[in-house]
Amino acid sequence: MRPQSLFHIRDSKLLNATFFLTPAEYETLRLIAHSSSPKEVCGLIGIIPLAQGDFRIRLYHTRNGSDVKNKFKINSSDLKKALTKAAKEGAGIAGCFHSHPRGLAKLSGTDRSAARKSRLRLWLVYAISVNKTGLYLTGRVCKTLRLSVRY
Ligand SMILES: [Zn+2]
């Protein structure tokens, strides 16, 4: 996958930032993840810079093109739609999200290896069974980012 727009931001800036997700978007993610379970849901993450170095996160849902359990694959026609929508909203595509029907809101070994091969550096995981969300900066070392659900 080659996203059209990637924000080139230093890791230190990302690690010091808070990423805000609106309660409405969080609720949508939660509902779709629950209703699609045991299949994973997925999509792209767009980020919009805010004051004081923080970011607004936008979630662009796509169909999961994988039929394999515990896997996701962003549907390619949905990918184009998501990129267009993000561009209209002034969001830079910086990552992807998916759900974990079972397990924790942490990246699995498969996730980490996919992240290393991908240019999408922000990975968000919503874990259905524990109702938790984790946001990570991937790379050689995977680091937790600060996520806040509010306007
Ligand atoms: Zn995963």
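**View 1. Arg56 in strand E3 is partly exposed, having 17 C-beta neighbours inside 10 Å.** The class follows from a count of other C-beta atoms, placed from the backbone, within 10 Å of a residue's own: 20 or more make the residue buried, 12 or fewer exposed, and anything in between partly exposed. Arg56 belongs to strand E3, where strands (E, at least two residues) and helices (H or I, at least four) are DSSP runs numbered from the N terminus. Beyond its neighbours within four places in sequence, Arg56 is in contact with Phe20, Ile47, Ile48 and Leu50, a contact being a pair of residues whose C-beta atoms, placed from the backbone, lie within 7 Å. Leu21 stands 35 residues away from Arg56 along the chain, yet 6.3 Å separates their C-alpha atoms. Residue numbers in these legends start from 1 along each chain as its sequence is written. The model is predicted, and local features therefore need a pLDDT of at least 70 and side-chain atom pairs count only at pLDDT 80 or more, while totals for chains, interfaces and linings use all residues.

**View 2. Confidence along the chain is given by pLDDT, the predictor's confidence in each residue on a scale from 0 to 100.** The chain has an average pLDDT of 92, with 95% of the residues scoring at least 70. Among the elements, strand E5 (residues 122-127) has the highest mean, 98, and helix H1 (residues 11-16) the lowest, 92. Over residues 1-5 the pLDDT stays under 50, and the model has 11 contacts beyond four places in sequence for this stretch. Where pLDDT is low, predicted coordinates should not be read in detail.

**View 3. The largest nonpolar core holds 37 residues, of which Leu44, Ile45, Cys96, Trp123, Leu124 and Tyr126 touch the most other members.** Two or more residues come from each of several elements, including helix H2 (23-36), strand E2 (42-49), helix H3 (76-89) and strand E4 (92-100). The largest share, five residues, is contributed by E5. A nonpolar core is here a set of buried Ala, Val, Leu, Ile, Met, Phe, Trp, Tyr and Cys residues joined through C-beta atoms within 7 Å. Outside the four places in sequence on either side, Tyr126 is in contact with Leu29, Arg30, Ala33, Phe97, Ser99, Ala105 and Thr133.

**View 4. Strands E5 and E6 pair in the antiparallel sense over six bridges.** Pairing requires that DSSP find at least two bridges between two strands. The bridge partner of Trp123 in E6 is Tyr136, and Tyr136 in turn has Thr144 as its bridge partner in E7. Four residues lie between E5 and E6 in their hairpin, and Asn131 in that turn has a positive phi of about 50°. Strand E7 (residues 143-144) pairs with E6 over two bridges, again in the antiparallel sense, and the hairpin joining E6 to E7 runs through five residues.

**View 5. Three loops contain backbone features that merit a closer look, beginning with the cis peptide bond between Ser37 and Pro38, whose omega is about 15°.** Pro38 sits in the loop between H2 and E2. In the loop between E2 and E3, Gln52 has a positive phi of about 60° although it is not a glycine; with 8 C-beta neighbours inside 10 Å, Gln52 counts as exposed. Asn70, in the loop between E3 and H3, has a positive phi near 65° and is likewise a residue other than glycine, but Asn70 is partly exposed because 14 other C-beta atoms lie within 10 Å.

Definitions and conventions. Contact = placed C-beta atoms within 7 Å.
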